[in-house]
Amino acid sequence: MNTTLLDHHVLGPELARTPYGHPFRAEFRAWLREHATGEPEPLDQDARFEFRRRWHHTMAAGGWTGLHWPVEYGGRGADPELQFMYYEELALARAPEPVNTPGLILLGPTLMAHGSDLLKRAFLPGILSGGQMWCQGFSEPDSGSDLASLRTRAELDGDDWVVTGQKTWTTFGQYADFCFVLARTEPGSARHHGLSMLICPLDQPNVTVHPIRQISGDAEFCEIFFEGARVPRDWVVGEAGQGWQVAMTLFQFERGDQGYTDHARLLVRLLDCERVLGAADLPPERALAAREELRRLWVRCQELRLLNYRGTLLAAAGQSLGAVGSMTNLVWGELEKDLGSLQAEVAGARGLVLGRHDTHHRLASRAASIYSGTSEIQRNIISERLLGLPR
Ligand SMILES: Cc1cc2nc3c(=O)[nH]c(=O)nc-3n(C[C@H](O)[C@H](O)[C@H](O)COP(=O)(O)OP(=O)(O)OC[C@H]3O[C@@H](n4cnc5c(N)ncnc54)[C@H](O)[C@@H]3O)c2cc1C
């Protein structure tokens, strides 16, 4: 029996432009077989981050990071279909999740679109190799969904911008070397005008990074206080004052790439959940309900997969994702939460123990309908832009 094909069946029916027999899949699988050891990820957050950082270095050394980056920037110039298959194979191999996604998926491509040659030369190599870690400094205590209300400001002082303000929910800020910060740089400007995206080094006395302890026991995100932090004058992504347009480009990458990774990882987790359910000692009616939920979730995973595929085809045709990005985000966020709940139900009492991966998944999954735009905001976008409903 062909085990490779069996593995692929976890993903569901073959899709025309990303066939399971594609030579790219075979090449990447061979590499993964050699390098992805299957060693379980540590539970401790710091150890887990280091584990993933090492994996990033291994991938980079093999030329497997930034696959979709143009060759001139050290990538492989992979087309969207290859990128789609890449994420599916990573999930099937149960490879560790990547670190530095704010750099690889968000800032890197945004720098390529808007950044000066100076910034591209200075930062793209470190993002790719994992030599520099990045975090995203957009949200503030009173500015999340309504990002344009942000209050962090930056003023020119000689050759530097001086940044003052507070960011929050900054994922893995404690491990980052740099933060891309959205700040108001034109005094008196309002809303979407007069903002700039600055690259701020975090290792300086005027920056305090304060991790926030979560219900899961981890501290995956931080508050960052900028109290006169210095940023070199040229370290603005795009034109000063045009930060909103730059941020919109970045969000386009966030909504596009987010989904690619996740349908495959969700399907693999669903398979694990099915195995646990098979061995679990649940009362018959709860086991039956769990099985039905598993099937419903499998269908929803396929829905997500097709949305990702649709995004892939749009990207391959050079078209923007538009509201398809919001649909993908919405379906993914709600699915992630429901799978987290099912995993907890199936794990039963064992799942109550803090420090276990299934507990972590369950608790962490609650955030999935919040970050990268809440479900309510995605629904607003879909109803206004896709369905033409009034605001
Ligand atoms: C795990 C996690 C990681 C994150 N990582 C980062 C990061 O690295 N960098 C970063 O900058 N940010 C990050 N964020 C922040 C994230 O972008 C914000 O949480 C998100 O944009 C929502 O903003 P908020 O939390 O301020 O909620 P609010 O905007 O205050 O929303 C509160 C509630 O009101 C609803 N709501 C708000 N406006 C509307 C509306 N117009 N119509 C209907 N309902 C509405 C929302 O849906 C939500 O339910 C992260 C968040 C989480 C949970």
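A polar contact is here a pair of N or O atoms within 3.5 Å. By this criterion, in the predicted model, a polar side-chain atom of Thr 171 approaches a nitrogen atom of the ligand to 2.7 Å. Two serine residues provide further pairs of this kind. The side chain of Ser 139 places an N or O atom 2.7 Å from a nitrogen atom of the ligand, and a polar side-chain atom of Ser 145 is found 2.6 Å from an oxygen atom of the ligand. Of the 970 Å² of accessible area that the ligand has on its own, 64% is covered by the protein.

The surroundings of the ligand were then examined as a whole. The shell comprises 16 residues, and the closest of these are Ser 145, Trp 169, Thr 171, Thr 374 and Glu 376. Strand 3 (160-171) and helix 11 (375-386) are the elements that contribute two or more residues to this shell. At the level of domains, at least three residues come from domain 2 (134-241), and at least three come from domain 3 (245-386). In terms of class, the shell consists of seven nonpolar residues, eight polar residues and one charged residue.

Internal cavities were considered next. Rolling a probe the size of a water molecule over the atoms reveals where empty space remains. Three cavities of 30 Å³ or more are present in the structure, and the largest cavity contains about 180 Å³ of space. The lining of this largest cavity is formed by 18 residues, with Gly 66, Tyr 86, Tyr 87, Pro 98 and Leu 104 lying nearest its centre. Two or more lining residues are supplied by each of helix 3 (45-61), helix 4 (80-92) and helix 5 (101-114). Among the contributing elements, helix 4 gives the most, with four residues. The lining of the largest cavity divides by class into 11 nonpolar residues, six polar residues and one charged residue.

Backbone geometry was also examined. Phe 172 adopts a positive phi of about 50 degrees, although this residue is not a glycine. Phe 172 is located in the loop between strand 3 and strand 4 (178-184); strand 3 is also one of the elements that give two or more residues to the shell around the ligand. A positive phi of about 50 degrees is likewise found at Arg 191, which is not a glycine. Arg 191 is placed in the loop that runs between strand 4 and strand 5 (195-201).

Technical notes
Residues are numbered from 1 along each chain as its sequence is written. This is a predicted model: local features need pLDDT of at least 70, side-chain atom pairs count only at pLDDT 80 or more; totals for chains, interfaces and linings use all residues. Side-chain values use heavy atoms; hydrogens and water are left out. A residue is near a molecule or strand if one of its heavy atoms lies within 4 Å of it. A polar contact is a pair of N or O atoms within 3.5 Å; within protein, one must be able to donate a hydrogen and the other to accept it, and residues adjacent in sequence count only if both atoms are side-chain atoms. Accessible areas come from the Shrake-Rupley method with a 1.4 Å probe; for residues, only the protein chains shown count as cover. Ala, Val, Leu, Ile, Met, Phe, Trp, Tyr, Cys and Pro count as nonpolar, Asp, Glu, Lys and Arg as charged, and the others, Gly among them, as polar. Domain bounds come from an automatic or database domain assignment. On a 1 Å grid over the protein atoms alone, a cavity is a set of points where a 1.4 Å probe fits but cannot get out, and a pocket is an open set with protein on both sides within 12 Å along at least five of seven lines; lining residues have an atom within 4 Å of a point. Grid points are joined across faces, edges and corners, and a volume is the space filled by probe spheres set on the points.
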